[in-house]
There are 2 protein chains.
Amino acid sequence: MQLDHFDLSILRYLQVNCRHPADAIGVEIGLSATAVQRRIRRLREVGVIQAEVAVIAPDAVGYPLVLLVELVFAKGLADTIDQFKRQMLALPEVQQCYYVAGEYDFMLVLHAASMADYEAFTRAVFFKNSNIIKFRTTVVMDAVKRGLTLPI
Amino acid sequence: MQLDHFDLSILRYLQVNCRHPADAIGVEIGLSATAVQRRIRRLREVGVIQAEVAVIAPDAVGYPLVLLVELVFAKGLADTIDQFKRQMLALPEVQQCYYVAGEYDFMLVLHAASMADYEAFTRAVFFKNSNIIKFRTTVVMDAVKRGLTLPI
DNA sequence: CCTGAAAAGTAACCGGC
DNA sequence: GCCGGTTACTTTTCAGG
């Protein structure tokens, strides 16, 4: 799907605040409210807008710890990789999961209530998986920026 | 602020879909639509809900490349760290920025239109900063999971 | 693009714990 | 007095012309 500069302008508003009213966007970019709404609906249908979500403060709900994990897998096992991806998608502790090229194979961003909880997680997920050769955990001191905003 | 189980239930819905109607949430958790909305408003005011945003498909808007960057800073310069944090907040290419404890000092998740663009970015931001001793870039092959959903 | 209709969200008031 | 419920009102969104 081809996006024109109107679509991009609309997305620029919505990626910061998806409750920004369509008519307000309209006056700012020079389009009627209906036109803006039609475009938003199409962007949703086509999947350019993947979701509209509330960003929650992690400490407010008891998940103050942020951890970064680098994982190394045993090579030559395509199935295990796919299986692990599915597992990561299903686990709520895992906020983000990147399959990468380089020294390690996966990078995870995850939240935990406490170090003890995280340790239990590593036992249940990492140690149990014999295809994981090693993993390295890094503790986040300050989540300076935590968003999904693109430079459009 | 203390959250009861109603608040947590509401957040559970909104962190997946912030357009989920209040009355629909109401019937599912056993509360009137108004009560739900009042709670949502308070959650917004207090900052438990930090933002409500649209998640945009990066490739659809011309940012298919995801890069992870680990940065090492020269030690003993608190000011430079703060200054760098502010810079990261301002740069749209930087989706996420974590100040970490361990071998390196920062971990960044960033999006780029092309490798050439990313190279230009490293010149403008990393090489120009003399406090950065070294940095390591990892290319993401598959952004398996990319969200901000907490395990509440 | 404009209009009216439907739906969602907002605000003010009432009642019970 | 604090919350939840009901009602009336406003804003936003949706559908036909």
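**Two-fold arrangement and helix packing in the predicted model**

In this predicted model, the residue of chain B whose C-alpha lies closest to the rotation axis is Val53(B), at a distance of 2.7 Å. The axis in question belongs to the operation that superposes chain B on chain A, a rotation of 180 degrees with 0.0 Å of shift along the axis, which leaves an RMSD of 0.1 Å. The two copies are therefore related as by a two-fold rotation axis. Of the interface residues of chain B, 100% are also interface residues in chain A, so the copies meet through the same surface.

Within chain A, residues 3–64 are covered by the annotation "domain: HTH asnC-type", which comes from an unreviewed UniProt entry. This span is 52% helix and 13% strand, and its end C-alpha atoms are 39 Å apart.

The packing of two helices of chain A can be described in further detail. Helix α1 of chain A (residues 5–14) and helix α2 of chain A (residues 22–29) have axes that come within 11 Å and that cross at roughly 130 degrees. Because of this angle, α1(A) is oblique to α2(A), and the crossing in which α1(A) passes α2(A) is right-handed. On the side of α1(A), the contact is made by Phe6(A), Ser9(A), Ile10(A), Tyr13(A) and Leu14(A), while α2(A) contributes Ile25(A), Glu28(A) and Ile29(A). By character, the residues of this contact between α1(A) and α2(A) comprise six nonpolar, one polar and one charged.

Key
Residues numbered from 1 in each chain as written. Chains lettered and ligands numbered in written order. Predicted model: local features only at pLDDT ≥ 70, side-chain atom pairs only at ≥ 80, totals over all residues. Heavy atoms only, no water. Least-squares fit on C-alpha atoms with pLDDT ≥ 70 in both. Contact = heavy atoms within 4.5 Å. Axes fitted to C-alpha atoms, helices over the stretch in contact; angles between N-to-C directions. Helix = DSSP H or I, 4+ residues; strand = E, 2+ residues; numbered from the N terminus. Parallel < 35°, antiparallel > 145°, perpendicular 65-115°, else oblique. Left-handed = near helix turned anticlockwise from the far one by under 90°. Nonpolar A, V, L, I, M, F, W, Y, C, P; charged D, E, K, R; others polar. UniProt positions renumbered as here; feature names shortened; annotations may be inferred.
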